[in-house]
Amino acid sequence: MDFPAGFLKNTMFFKDLSEKELEPFLPIMHKRKLPDKTMLFFQGDPITHVFIAKTGKIKIFRNDYTGKEQVLHFKQQGDLFPHVGFFRQGNFPAHAQAIEDSEVYSIDIKEFEQVLMTHPSASVKMVKILGDRIVSLQQRLEEMALRSANERILLLLIRLSETHGTELENGWVKLNTRFKNVDLANMIGTSRESVNRMISQLRKDEAVELKDGDYLVFPEKLKDDLLSYS
């Protein structure tokens with residue numbers, strides 16, 4: 001079976017489980033290869049599986065009423081999606097597409113539920129993790145409602161440095177995904193023009209750099225800038 005338990009331990013949803021508690025989940029994990037541009041699922045389709053990204057990158061997006069694409073997230077190694085798949089019946093809330101050659105592990109929800117029914121200690125730990133995830137989503141909703149566009153941009157860049165970043169020298173972090181400014185704007189509900197202006201200012205402040213299409217960010221400077229709005 002090509003699914004080391006150590007990989008699961010590095011995912012948000014399974015991180016608190018012991019190796020013994022992880023064992024029953026391994027047989028229901030199935031690897032799937034996704035060539036670049038492959039659609040994994042479509043918005044509105046019934047949710048039958050959830051997925052864990054193994055390699056590559058998966059774009060999560062919607063189309064608005066005009067057909068314009070709105071990027072919501074980028075998933076990479078260790079990310080589980082969609083979070084609404086477990087403990088809830090319904091449809092996929094968005095589309096998912098590989099944006100480079102990728103691999104994911106799929107989990108059949110019915111099989112997952114059977115494992116939980118026979119292993120209650122794992123179930124309790126996962127419910128607690130979901131609770132933490134709900135708190136995180138509430139905080140992001142508060143950001144949308146209470147923070148200015150510039151503050152939301154700073155918070156997004158800080159968050160991306162933690163979830164999509166590789167640490168470099170002297171405090172810099174390289175974002176592993178190539179984000180366009182319109183992608184950043186869509187993720188926080190603001191305009192591309194607002195992002196353009198803020199990124200330009202951050203580059204002048206030497207808190208952000210753009211090299212060969214990749215964003216480099218300096219999280220400590222971004223946090224200092226964020227404090228200035230307090």
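Select Phe41 and Phe92 to begin: both residues are buried. The coordinates come from a predicted model, so colouring by pLDDT is a sensible companion to the tour, since pLDDT is the predictor's confidence in each residue.

**The rings around Phe41**

Keep Phe41 displayed and add Phe51. What is the geometry of the aromatic pair formed by Phe41 and Phe51? The program counts eight aromatic pairs in this model. Phe41 and Phe51 form one that is stacked, at 5.8 Å centre to centre with 25 degrees between the planes. This pair links distant parts of the chain: Phe41 belongs to strand E2 (residues 39-41) and Phe51 to strand E3 (residues 49-55), 10 residues apart. Phe41 counts as buried because its relative accessibility is 6%, and Phe51 counts as buried because its value is 5%; the cut-off for buried is under 20%.

Return to Phe41 and Phe92. Their aromatic pair is also stacked, with 3.9 Å centre to centre and 5 degrees between the planes. It too links distant parts of the chain: Phe41 sits in strand E2, whereas Phe92 sits in the loop between strand E6 (80-81) and strand E7 (95-98), 51 residues apart. Now add Phe81 to the selection. Ring pairs link Phe41, Phe51, Phe81 and Phe92 into a cluster.

**The nonpolar cores**

Next, select Phe14, Phe25, Phe81 and Phe112. These are the residues with the most contacts inside the largest nonpolar core, which has 36 residues. Centre the view on Phe25 and show its surroundings. Which residues does Phe25 touch, not counting those up to four places away in sequence? The partners of Phe25 are Phe14, Leu17, Phe112, Val115, Leu116, Ala122 and Met126. Apart from the largest core lies another, of 26 residues. To locate this second core, select Phe74, Leu156, Met187 and Tyr215, which are among its members.

**Lysines over rings**

Two further stops concern a charge over a ring. Select Lys59 with Phe61: Lys59 lies over the face of Phe61, 4.8 Å from the ring centre. Then select Lys221 with Phe218, where Lys221 lies over the face of Phe218 at 4.9 Å from the ring centre.

**Confidence along the chain**

Finally, display the whole chain coloured by pLDDT. The protein chain averages 84, and 88% of the residues score at least 70. Which element has the lowest mean pLDDT, and which the highest? Helix H4 (residues 120-146) has the lowest mean, at 70, and E2 has the highest, at 95.

Definitions and conventions
Residues numbered from 1 in each chain as written. Predicted model: local features only at pLDDT ≥ 70, side-chain atom pairs only at ≥ 80, totals over all residues. Heavy atoms only, no water. Phe/Tyr/Trp six-rings, centres within 6.5 Å; stacked < 30°, edge-to-face > 60°. Helix = DSSP H or I, 4+ residues; strand = E, 2+ residues; numbered from the N terminus. Buried < 20%, exposed > 50% of the residue type's maximum accessible area, 1.4 Å probe, protein only. Lys NZ or Arg CZ within 6 Å of the ring centre and 35° of its normal. pLDDT = per-residue confidence, 0-100. Core = buried A, V, L, I, M, F, W, Y, C linked by side-chain atoms within 4.5 Å. Contact = heavy atoms within 4.5 Å.
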